[in-house]
Structures are given as C-alpha cells and as structure tokens.
Amino acid sequence: MDETEFWEIVDSTREAAEGDPEDHAELLVERLVRLDPDSVLDFARHFEVRYNRAYTWDLWAAAAVLLGGAGEDAFDWFRCWLIGQGREVFEGAVHDAETLAELLEDFDPELDGDGEELGYAADEAYEQLTGTDAPDLGVPPQPADPAGEPLDVDDDSALAERLPRLWDRFGG
C-alpha cells in the first residue's frame, strides 16, 4: 500500500462517517478487513509514521487550544483524529499548526479531537482477519520528547502567543 492509497482509505471512510469519529473508526475497520493482512499492516505502518510525525510541541499546543486543555492521552488521541482529517489538514498542521485556524471549518470539543478508536482500527482489522495480534510494525518509536520548542500547554498566555490565529478563533 502506498501513501496515496492510505489517504484514500482515510478520506473515503471519513466522508462516509460524515465527520463522526466513532463511525469513522467503525467504517475504517470494515474497509480494512476487505484487504489482506499484509495490506492492513502497511496501513498501520503509514498511520504510525504519521502519528509519530505529529508529536510536536506546536501540535500539542493546538490540541490544548482546541480542546480547552490536553494532557498526554488527549494529545495522543488528538493526533489520531488529526490523521483522520485527511492529508491536506494533516500535512498543513504538521507543517504549521497555525493553519488549523483556516483548515478547520469548525471544531466542537465534545465531538471532535478524539480519534482514539482510529488509532486501534488497523489492529482490530488485523485481529479479525488473522485471529492474532498484529506483529511489531518495525516503525521507529516516537521520540522521547515532542519536536520543536517546548512550552507549557497549560499556560493560556503561552498558547495564545505561540498560536495567535488559532487562539483567536478557538481559544479561551
């Protein structure tokens, strides 16, 4: 599976779910179980690489702004949700978290930002196909610390200073 096919699967299942993260995860599993186990592992590798790429201070700050605070678990699930938003939103946000102010049509912290189930979709599909847990993907682990300039994600003034457009639109 190449990167284009990965994003096509993400996009088609998101669109079919009409933005509902839980439905998105269910539809993703349904789509993945139609593939062979090796393709599911390829999908999982693509997902994991992007998940690790999104481990940045700026995206953690974006999660904190959008969610009204984000601990480690919330940031983990936010990164899964971000991948689920598709290539344009994901790549834009990884390049510059401030672009989320323009890339997101709206954001409801009660409904959006938590893609925990998306993070488990490939594992669930693989288990359904094979009856076993997915093997190690061979993807380097995420770094010990997020990339970029550290900041206190619990400090509203630091968040507003780091991501002023995002803060103006969604913060506080």
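Me: Which residues gather in a patch of negative charge on the surface?

Reply: Happy to list them. In this predicted model, the patch is made up of Glu 18, Asp 20, Glu 22, Asp 23, Glu 26, Glu 30, Asp 114, Glu 117, Asp 123, Glu 124, Glu 127 and Asp 133. Two elements, helix 2 (21–32) and helix 8 (116–130), give two or more residues each to the negative patch.

Me: What makes Asp 123 eligible for a patch, and why is Asp 123 called partly exposed?

Reply: Asp 123 lies in helix 8. Patch residues need over 30% relative accessible area, and Asp 123 has 38%, so that requirement is met. Buried means under 20% and exposed means over 50%, so a value of 38% makes Asp 123 partly exposed.

Me: How many salt bridges does the model have by the rule?

Reply: The count comes to nine salt bridges. As background, side chains of opposite charge can pair when their charged atoms come close.

Me: Why is the pair Asp 11 and Arg 14 called a salt bridge?

Reply: The rule asks for a side-chain nitrogen of Lys or Arg within 4 Å of a carboxyl oxygen of Asp or Glu. For Asp 11 and Arg 14 the closest N and O atoms are 2.9 Å apart, so the pair qualifies. Asp 11 and Arg 14 are three residues apart in helix 1 (residues 3–17), so about one helical turn separates them.

Me: Are Asp 11 and Arg 14 buried or partly exposed, and how do you know that?

Reply: Asp 11 has a relative accessible area of 22%, so Asp 11 is partly exposed. Arg 14 is at 17%, which is under 20%, so Arg 14 counts as buried.

Me: What makes Asp 76 and Arg 79 a salt bridge, and where do they lie?

Reply: Their side chains meet at 2.6 Å, N to O. The cut-off is within 4 Å, so this is a salt bridge. Both residues lie in helix 5 (residues 72–84), three residues apart, about one turn of the helix.

Me: Why are Asp 76 and Arg 79 counted as buried?

Reply: Buried means under 20% relative accessible area. Asp 76 is at 18%, so Asp 76 counts as buried. Arg 79 is at 0%, so Arg 79 counts as buried too.

Me: Which parts does the salt bridge of Arg 165 and Glu 102 tie together?

Reply: The closest N and O atoms of Arg 165 and Glu 102 are 3.1 Å apart. Arg 165 lies in helix 10 (residues 164–170) and Glu 102 in helix 7 (residues 100–103), so the pair ties together parts 63 residues apart in sequence. Arg 165 is partly exposed, with a relative accessible area of 38%.

Me: Which residue in helix 10 counts as buried at 0% relative accessibility?

Reply: That is Leu 166. The C-alpha atoms of Leu 166 and Glu 98 are separated by 5.8 Å, although these residues are 68 residues apart along the chain.

Me: Why is the link between Ser 39 and Asp 36 called a polar contact?

Reply: The side chains of Ser 39 and Asp 36 are joined at 2.9 Å, and the cut-off is within 3.5 Å, so the distance fits. Ser 39 is in helix 3 (residues 37–53), and at 16% relative accessibility Ser 39 counts as buried.

Me: Where is Asp 112, and why is Asp 112 called buried or exposed?

Reply: Asp 112 is in the loop between helix 7 and helix 8. The relative accessible area is 14%, under 20%, so Asp 112 is buried. The C-alpha atoms of Asp 112 and Asp 20 are separated by 8.0 Å, with their places 92 residues apart along the chain.

How values were computed: Residues are numbered from 1 along each chain as its sequence is written. This is a predicted model: local features need pLDDT of at least 70, side-chain atom pairs count only at pLDDT 80 or more; totals for chains, interfaces and linings use all residues. Side-chain values use heavy atoms; hydrogens and water are left out. Patches are made of residues with over 30% relative accessible area and no salt bridge: like charges are joined within 9 Å, nonpolar side chains (Val, Leu, Ile, Met, Phe, Trp, Tyr) within 5 Å. Accessible areas come from the Shrake-Rupley method with a 1.4 Å probe; for residues, only the protein chains shown count as cover. Lys and Arg count as positive and Asp and Glu as negative; His and the chain ends are not counted. The place of a charge is taken as NZ of Lys, CZ of Arg, CG of Asp or CD of Glu. Helices (H or I, at least four residues) and strands (E, at least two) are DSSP runs, numbered from the N terminus. Buried means under 20% relative accessible area, exposed over 50%, partly exposed in between (1.4 Å probe, protein chains only). A polar contact is a pair of N or O atoms within 3.5 Å; within protein, one must be able to donate a hydrogen and the other to accept it, and residues adjacent in sequence count only if both atoms are side-chain atoms.
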